[in-house]
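These are my notebook entries on a structure that is new to me. I set down what I looked up, topic by topic.

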Amino acid sequence: GDPLLVKVNKLTSTKTQLPYSYYSLPFCQPEHIVDSAENLGEVLRGDRIENSPYVFKMREPQMCNIVCRKILDKKAAKAFKEKINDEYRVNMILDNLPLVVPIRRPDQENAVVYQYGYHVGLRGQYAGSKEEKHFIHNHLTFTVKYHKDPLSGSARIVGFEVKPFSVKHEYEGEWNEKTRLTTCDPHAKRAVTSSESPQEVEEKKEIIFTYDVEFQESDIKWASRWDTYLLMADDQIHWFSIVNSLMIVLFLSGMVAMIMLRTLYRDISKYNQLETQEEAQEETGWKLVHGDVFRPPANSDLLCVYVGTGVQFFGMILVMMIFALLGFLSPSNRGGLMTAMLLLWVFMGLFAGYSSARLYKLFKGTEWKKITLKTAFMFPATVFAIFFVLNALIWGQKSSGAVPFGTMFALVLLWFGISVPLVFVGSYFGFKKPATEDPVKTNKIPRQIPEQAWYMNPAFSILIGGILPFGAVFIELFFILTSIWLHQFYYIFGFLFIVFVILIITCAEITVVLCYFQLCSEDYLWWWRSYLTSGSSAFYLFLYAAFYFFTKLEITKAVSGVLYFGYMLIISYSFFVLTGTIGFYACFWFTRLIYSSVKID
């Protein structure tokens, strides 16, 4: 008999990607609308959680409860029609569980797929008529599943389902508070079981909103009540993708091992036995460029900034994966993922400052404050600018997905108040440490680089380098995109972690292999090239996002398209910084290793 309060969340649509608050449509309202407190992640996702006129009593079924009666005016009818056309769904929450509509799968017996939220309404024609009408789901049959504790006799909620119907309710006489419906009457045991005579959405039509509640006992324990929501039907695909990626990794590792063993071992032993002068003049390959290989590159400041940002990203993703694996970011904690990402990003500024200052000092830089400022501002400012434009667009659509001014201010505060000072602290320590020594001395005058074969052309080898890291992650990427844009839960962090490790190894290995080939053909400009080689996988990621947009999503609105590509641009840019940094550090370690093992006369 305890009261159960149903809360309403945003209206969502996979066609427009623009969330709206529940009461932006003229649904029945409670006497006072109370907004639940939302965390940072929820606000950024556009969740607006409010109370609703639906109030149940625990384990007391109800039939045909009338919520309210509405007469539609022109504006209301238009609002409903627009949302029905765009296939909007209503999301509700009971005891922190989202409302789902069970849908039977025709291909398997007893297999049920859960869809989040019920559709506002549907479009259809009457038999024998060509004209398309809009119908609204005004009768909801809720099923609340509970698990009874055998010892104490108390029950806990483990499921919240609904079957929506569209019913043109009828009653006799004038409408008043006590009117009994003829279409749905608890006394006459007349329940709504189908949408035979549906309720049209037109101006001046009256709509009566009603609901039933039934309670079902369930065997699901409270602790595992989320499992039905998170059942992934396609584990095989993930295993397949991991095996597929491991093949790439094995192939690359084999190549790296061959290079390391055969070439380096042979080369180094040969170089170290060069006695006669004639032999010394015939040496070719990577040994010849030893005097130039550690010459600071052009735009070395920018490289330091990008490497610093990459380290910040890498730290954020690594820590977040570990949290997710330990189960801190479960989907019952709405918006937890977003909040965790932002906070981690801010605190990882420490490492960003440190690593960019270390590299800057290696390049014999002196103005560490300048490089620190660039590290603290360049990447976040770019992302913030894109985000700001997208937010203005969402705001123009009056969607609840727009980030309110207060939250914007909080984000700027996080960035200026915590991130920037931390970058400075990191930089200060990084610059105080003595610079890393190069294993070989750099010549005063740069060597000429000989003509390169077509396949060693920078643009070509950079584009080739990006294919393998992208190939290693693209199946997992499909699931991540689906969870973001088709509003499904993503909860396979175990797989994601394996894929992340594979990504790191692939990026590192492909860069080392290509870097070695490059040095062998006496081209010593490897700094930027190593960053771009693995970073170019972000270019393929963006192409794939475009492919996904046209094949899988049914987005028709221009604004929604801009949103999609804007957000995918931010994601690709982040991916570029992350993979580029991994490649750069791998190559940096590799060159230091091979040049320190050679005796230079």
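Entry 1, terms. Before naming elements, I note that helices and strands are DSSP runs, of at least four residues for helices and at least two for strands, numbered from the N terminus. I also record that the model is a predicted one.

Entry 2, the second largest cavity. With those terms I asked which element gives the largest share of the lining of the second largest cavity. I found that α12 does, with four residues. I then looked up which elements give two or more residues to this lining, and they are α12 (493–520) and α13 (527–535). The lining residues I listed are T511, L514, C515, Q518, W526, R529, S530, T533 and C587. By character, I sorted the lining into four nonpolar residues, four polar residues and one charged residue. The space inside this second largest cavity is about 40 Å³. For context, I searched the whole structure and found two cavities of 30 Å³ or more.

Entry 3, the domains. I next looked up how the protein is divided. The assignment gives domain 1 as 1–227, while domain 2 is made of 298–435 + 466–592. I found 40 Å between the C-alpha centres of domain 1 and domain 2. On the contact between them, I noted 28 residues from domain 1 and 32 residues from domain 2.

Entry 4, the area between the domains. I chose buried area as the next value to look up, because the size of an interface is often given as the accessible area lost when the parts come together. Between domain 1 and domain 2 I read a buried area of about 2,600 Å². Carbon and sulfur atoms give 60% of that area.

Entry 5, salt bridges. I turned to charged pairs, because side chains of opposite charge can pair when their charged atoms come close. How many salt bridges does a search of the whole structure find? I recorded 20. Between domain 1 and domain 2 I counted two salt bridges. I looked up the pair R334 and E42, whose side chains form a salt bridge at 3.1 Å, N to O.

Another salt bridge joins the side chains of E200 and K133, at 3.7 Å, N to O. I noted that this pair links distant parts of the chain, 67 residues apart. E200 sits in the loop between β12 (155–165) and β13 (206–217), whereas K133 belongs to strand β10 (residues 133–136).

Notes: Residues are numbered from 1 along each chain as its sequence is written. This is a predicted model: local features need pLDDT of at least 70, side-chain atom pairs count only at pLDDT 80 or more; totals for chains, interfaces and linings use all residues. Side-chain values use heavy atoms; hydrogens and water are left out. On a 1 Å grid over the protein atoms alone, a cavity is a set of points where a 1.4 Å probe fits but cannot get out, and a pocket is an open set with protein on both sides within 12 Å along at least five of seven lines; lining residues have an atom within 4 Å of a point. Grid points are joined across faces, edges and corners, and a volume is the space filled by probe spheres set on the points. Ala, Val, Leu, Ile, Met, Phe, Trp, Tyr, Cys and Pro count as nonpolar, Asp, Glu, Lys and Arg as charged, and the others, Gly among them, as polar. Domain bounds come from an automatic or database domain assignment. Contact means heavy atoms within 4.5 Å. Buried area is the accessible area (1.4 Å probe) that two parts lose on being put together, summed over both. A salt bridge is a side-chain nitrogen of Lys or Arg within 4 Å of a carboxyl oxygen of Asp or Glu.
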